[in-house]
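Me: I've got a protein model open and I'd like to talk it through. Can you help me read it?

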Amino acid sequence: MGSKSNRSRRYTEEFKCDAVARERPSGKTVTEVAREIGVSAEGLRNWVKQDAIDREQGAPGELTSTEREKLRRLRRQNREQAETIEVLRKAAVFFAKESDR
C-alpha cells in the first residue's frame, strides 16, 4: 500500500485564493492545475465552486463562505448550550433528591 496519509491537509485562505486565481484563466483542466500545485483535483474543484458562490454566481440557496462560518459557529454554540442545559438538569435532579432527605 502507499504511504498516503488519511489526514486531510489544511490550506490557508491565501493559498486557496491563489489556486483558484491560477485555475480560472489558465485554460487548463482543474485536474492539470491541481497536479501542478500539489492538491487534489476534488479539493481544487470545491474551492473553485465555493469561489463562484462567494462571488454570487452559484445556484440559489448555496451558502457563501461567510454564511457557512456563521452556521458552523451557531451550531457549535448550540451544542455547548445543550451540554450546559444537560449539566444543569442533572444538577437540579441531584439537588432535588438531596433536599428530599
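Me: Is E86 buried, partly exposed or exposed?
Reply: Keep in mind that this is a predicted model. The relative accessible area of E86 comes out at 32%. Buried would need under 20% and exposed over 50%, so E86 is partly exposed.

Me: Which residue forms a salt bridge with E86?
Reply: Look along helix α4, which covers residues 65–100. Three residues from E86, about one turn of the helix, there's an arginine in that helix too. The closest N and O atoms of the pair are 2.7 Å apart, and the partner is R89.

Me: What about D51, which residues are linked with it in a network of salt bridges?
Reply: One salt bridge of D51 has its closest N and O atoms 2.6 Å apart, and the partner there is R24. D51 sits in helix α3 and R24 in the loop between α1 and α2, so this pair ties together parts 27 residues apart in sequence. Another salt bridge, at 2.9 Å from N to O, joins D51 to R55. So the network links D51 with R24 and R55.

Me: Which helix gives the most to the largest nonpolar core?
Reply: In soluble globular proteins, nonpolar side chains tend to be buried together. Here the largest such core has nine residues, including A19, V33 and W47. Helices α1, α2 and α3 each supply at least two of them. With four residues, the top contributor is α2.

Me: Which core residues does A19 touch, beyond its neighbours within four places in sequence?
Reply: A19 belongs to that nine-residue core. Setting those sequence neighbours aside, its contacts are V33, I37, L44 and W47.

Definitions and conventions. Residues numbered from 1 in each chain as written. Predicted model: local features only at pLDDT ≥ 70, side-chain atom pairs only at ≥ 80, totals over all residues. Heavy atoms only, no water. Core = buried A, V, L, I, M, F, W, Y, C linked by side-chain atoms within 4.5 Å. Buried < 20%, exposed > 50% of the residue type's maximum accessible area, 1.4 Å probe, protein only. Helix = DSSP H or I, 4+ residues; strand = E, 2+ residues; numbered from the N terminus. Contact = heavy atoms within 4.5 Å. Salt bridge = Lys/Arg side-chain N within 4 Å of Asp/Glu carboxyl O.
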